[in-house]
Amino acid sequence: MFAQDPNRCWALLAVATTPRDMEDGLWLIELESALQDDCTVDDIYAICHGKALPEALRLDVWQVCLGVRNKADQLAQFNEIYDLPFQAQLRSDCEEFVSKLGNEDEDKVSVVCDLESILTFYCKNRNLTYEANNGWVELMLPLLSLKLIRSDTYNLFEAIRDTYIPKGCAKNGTVFNVFRLLLLYHDPELCTVLDTKRITPDCYAMGWFQTLFASTCTLPVVLSMWDLYFQQSDPFLVFFLSLIVLINQRDQILAMKGSTKEELIAFLVNMPCNIEADDVLDFCSLAQYYSVKTPASFKRDLLQVLFGVQRGGGSKSTPPDASPSVVSQALCLPVSVNELIENASIQNPHPEAVRFFLVDCRPAEQYNSGHLSTAFHLDSNLMLQEPEAFQTAVQGLLRSQRNAIDANSNAGGEHLCFLGSGRLEEDQYTHMVVASFLQKNTKYVSLLTGGYEAIHEYFGEGMVDCLEDHDPLKCLLCNKDQVRYGGKKVPPSVNNNNHKTLPSGANSASSSATNSLKRGGRHMANNNGADSNGGVAGDRKSTIDLFSKLSLAMKTKSAEVREKLIDYISNPNATESGGGAGGGGAGGEKHVSRNDRNGKRYRNVPPVFSIGEDHDEDDDLNSAASESSSLARKANAQQQAPQSPDAADDVVPLQAFLKGPDVIRHFKCQEVHLNGYMYDSYLLVTATHMIVLREMETRRDRARIIVRRALQSIVKITAKKRHRDLITFKYGYPEEENLVITDMDRFLIPNASEVTDLISRHIIKQT
């Protein structure tokens, strides 16, 4: 803290030569007065409102914002022994960095000494290993420019690393998976272009996140940016700043589609270099706008995973692995049930706040056994069974969304949140629906974590008042112990993104990070989450009470809306004359249910290999396959392992394997998983086997054997009527008049007829 000096106040206003300048400069005097007291970061933001700071006050403001103003001299514990295993590399990098600063020779020695001392003590104090290009040296540049004593510099460096630098800034780290999901949410077209080029965020944004842009922007820009950054005290701001960098240059990026991957990466890495000091305020304001337009639950769920005190215990700083599946394999941005329900319960929300339009993709019989009154039903089974009806339903969805937004309804919002059952076996179709919207470059697409099961659990005893048409006798979740799927009890539920997320508000993070999320409330009302379990319970009860009232109000209109919507979906061109959608005539249409069974399955099918079309009933395996599809795949791999060293899951050289003497032909394809994901693969045909290789992301010259099937085990090959290249190989055995299907694989194969003809010929040769 500095002493009160009247002359200093006049110095701060020396540049004010007009009454307007004098008025604008009064905030500086107010700021200095606040710094002389025990002010907080909130007090500073209320005075500065993100303005750039004068050099005379920057140190004091940063120390308050970072919580180190009265922190002791930690370097006093340093024994000045430089004996780390990587000491030579550290010293060399410090010398190389300082040589580029243009200091006098006498100053260079002092700067190198301070820099090496601070980083050496940091490694020893935190048990961390220094690695070249990890951003530490570049992060020190703005701090060295302040010309502080070593202890103050160290405290600032340590606080910035703990509070604002995400943990695990490494290749394929969770940080960059989160950033890709944000880009996909706000600009799916741009994300698709980069994905097509196989350019992941860690290829170009590593330095942005490691150094808060200190490695790419000029010093005046970094100082101005950090002034505002620390006042905001939002650790996630770096994600949105990086997002703005991409979106501002999207036209140039899209124009470079024809460029090589290396050329595009070089352009992306250097994009922040174009930012000037006068652009910083607008740059940060845009980032805050996009932050407001993003669901907040993922920030709370990932706060402790991505940010906090950084310590190590090995040779490398390991990326956080507490919940990598939260984002690493997520199809789109996950949204927690807390945020969804509370979002629908907010009355008179901020005009720029996130508002969800909920799309329930469960089968009709599940939807009719209980659903949210704000949900639009889109049966995901229609996508493959009745593509034309599905497209008509999607048009109805978009029309309903526009009408709900125009009517300022609680059910209306421009942000689409898709909802599945919460069981992976069923949600494969929900994932395909979501993927279809993403392929059309639809913005603001998210998926509810945990699906309907999470909603059911959220309301608990209040579900009677909050869920519409809830029937405990038919509800699968109310009858878990009695529900059977393929002859077995339903396995423990798995949510839509294959993970259990951290409960919102259940854990508290460091004080500075927690305060930063609260500070986001300056821009919009945020009622999600709480700081304690008791607070969560209280907030949940009030939310349930409010939601039950909203649900009751919506039920009064639901019958009329449902009739009109069903009429539109069933026959969008119908007139008022003739039989309506609700008619019971022979020509009436109905949704196809997974439980519909027209005749005995596989009756009168010869117990031999056959080729045909996929029918609705063929989308499901029989009871034996449903209960053990994944187990059968593993057992099959184990049984074949002794027969060949190339058993499933072996890694092999790709080109050498494709050109093997036993390979008759190979085909480029995509493996379609049950969860809706698609993987670039190769399908190989030998005289006796069908083998599938999946390309490895880390090494393009190698592949993993995913499928190895004897041709004799293939009993049926089917193709979709409207998707002739979507091929399903079914495996099993004949049993009397029935054909028992034990497992299947599905692939998207260009010119699929060549593959099926080749395989069928070799199957027949073996019979």
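These are my notebook entries on the fold, the nonpolar core and one helix pair.

**Overview.** I'm working from a predicted model here. I started with the element count: the protein chain has 29 helices and 18 strands. Next I looked up burial, and 52% of the 767 residues in the chain are buried. Then I checked how far apart in sequence the contacts reach. Taking contacts with a separation of 6 or more, I get 71% from residues 24 or more positions apart.

**Core.** I went on to the largest nonpolar core, which holds 141 residues. Which residues have the most contacts inside it? They turn out to be W226 and F239. Helix α13, residues 237–248, gives the most to this core, putting in 10 residues. I then pulled up the neighbours of W226, leaving out residues up to four places away in sequence. My list for W226 reads W62, L139, P142, L143, I160, T211, L212 and A214. A reminder to myself: nonpolar side chains in soluble globular proteins tend to be buried together.

**Helix pair.** Last, I turned to α18 (residues 337–345) and α23 (residues 451–459). How do I describe their packing angle? I have it at about 70°, with the two axes 10 Å apart. Angles of 65 to 115 degrees count as roughly perpendicular, so α18 is roughly perpendicular to α23. I noted the crossing of the two helices as right-handed. On the α18 side the contact uses V337, N338, L340, I341 and E342, and these meet A454, I455, Y458 and F459 of α23. Sorting the residues of this contact, I get 7 nonpolar, 1 polar and 1 charged.

Notes
Residues are numbered from 1 along each chain as its sequence is written. This is a predicted model: local features need pLDDT of at least 70, side-chain atom pairs count only at pLDDT 80 or more; totals for chains, interfaces and linings use all residues. Side-chain values use heavy atoms; hydrogens and water are left out. Axes are lines fitted to C-alpha atoms, for helices over the stretch in contact, and angles run from 0 to 180 degrees between N-to-C directions. Helices (H or I, at least four residues) and strands (E, at least two) are DSSP runs, numbered from the N terminus. Angles under 35 degrees count as roughly parallel, over 145 as roughly antiparallel, 65 to 115 as roughly perpendicular and the rest as oblique. A crossing is left-handed if the near helix is turned anticlockwise from the far one by less than a right angle, and right-handed if clockwise. Contact means heavy atoms within 4.5 Å. Ala, Val, Leu, Ile, Met, Phe, Trp, Tyr, Cys and Pro count as nonpolar, Asp, Glu, Lys and Arg as charged, and the others, Gly among them, as polar. A nonpolar core is a set of buried Ala, Val, Leu, Ile, Met, Phe, Trp, Tyr and Cys residues joined through side-chain atoms within 4.5 Å. Buried means under 20% relative accessible area, exposed over 50%, partly exposed in between (1.4 Å probe, protein chains only).
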